[in-house]
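Here's a quick walk through one part of a model, with an eye on what is tucked away and what is out in the open. Have a look at the sequence and structure first.

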Amino acid sequence: DGIRGQYGLVGSEMCIRDRLDTLWPEGRRDPQARLGLAVSGGPDSLALLLLAASALPGRVEVATVDIA
């Protein structure tokens with residue numbers, strides 16, 4: 001719906017794609033390029049991982065870091 005599209009995951013995906021175009025232009029142009037992330041497993045890391053995977057399906061490589 002409109003609210004989900006403006007504020008939910010769909011809107012966040014578009015925002016991530018816009019930022020990727022600015023910060024990592026070669027990655028968006030090269031279908032073989034991979035985005036590497038390091039995450040802790042917390043809720044913010046999970047959100048980052050889900051957004052990245054949604055914006056770049058099959059092109060995200062992730063390392064988990066246990067900070068405990």
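Pro 31 is exposed, at a relative accessible area of 57%; the cut-offs here are under 20% for buried, over 50% for exposed and partly exposed in between, with a 1.4 Å probe and protein chains only. You'll find Pro 31 in the loop between helix H3 (25-29) and strand S1 (35-39). Helices (H or I, at least four residues) and strands (E, at least two) are DSSP runs, numbered from the N terminus.

A word on the model: it is predicted, so local features need pLDDT of at least 70 and side-chain atom pairs count only at pLDDT 80 or more, while totals for chains, interfaces and linings use all residues. Residues are numbered from 1 along each chain as its sequence is written, and side-chain values use heavy atoms, leaving out hydrogens and water.

Now for Arg 59, which sits 28 residues along the chain from Pro 31, with 8.2 Å between their C-alpha atoms. Arg 59 belongs to the loop between H4 and S2. What is the nearest side chain of opposite charge to Arg 59? That's Asp 30, 6.2 Å away, and Arg 59 is buried with no salt bridge. (Lys and Arg count as positive, Asp and Glu as negative, and His and the chain ends are not counted; a salt bridge needs a side-chain nitrogen of Lys or Arg within 4 Å of a carboxyl oxygen of Asp or Glu.) The Arg 59 side chain does reach the backbone oxygen of Gly 27, at 2.3 Å. Its contacts (heavy atoms within 4.5 Å) beyond four places in sequence include Trp 24, Asp 30, Pro 31 and Leu 35.

Next up is helix H4, residues 43-55. Its 13 residues span 18 Å from first C-alpha to last, close to the 18 Å expected at 1.5 Å a residue, where the expected span is 1.5 Å times one less than the number of residues. Ser 45, Leu 51, Ala 52 and Ala 55 are the buried ones in H4. Down the axis, the buried residues fall within an arc of 130 degrees, so they line one face of the helix; the arc is taken from the directions from the helix axis to the C-beta atoms. Pro 43 and Leu 50, on the other side of H4, are exposed. Ser 45 touches Val 39 and Ser 40, setting aside residues up to four places away in sequence.

Here are three residues side by side:

| Residue | Place | Relative accessibility |
|---|---|---|
| Pro 31 | loop between H3 and S1 | 57%, exposed |
| Ser 45 | helix H4 | 12%, buried |
| Thr 64 | strand S2 (residues 60-64) | 64%, exposed |

Thr 64 and Gly 41 are 23 residues apart along the chain, yet their C-alpha atoms are separated by 6.8 Å.

Terms used: Polar contact = N/O pair within 3.5 Å; in protein donor to acceptor, adjacent residues only side chain to side chain.
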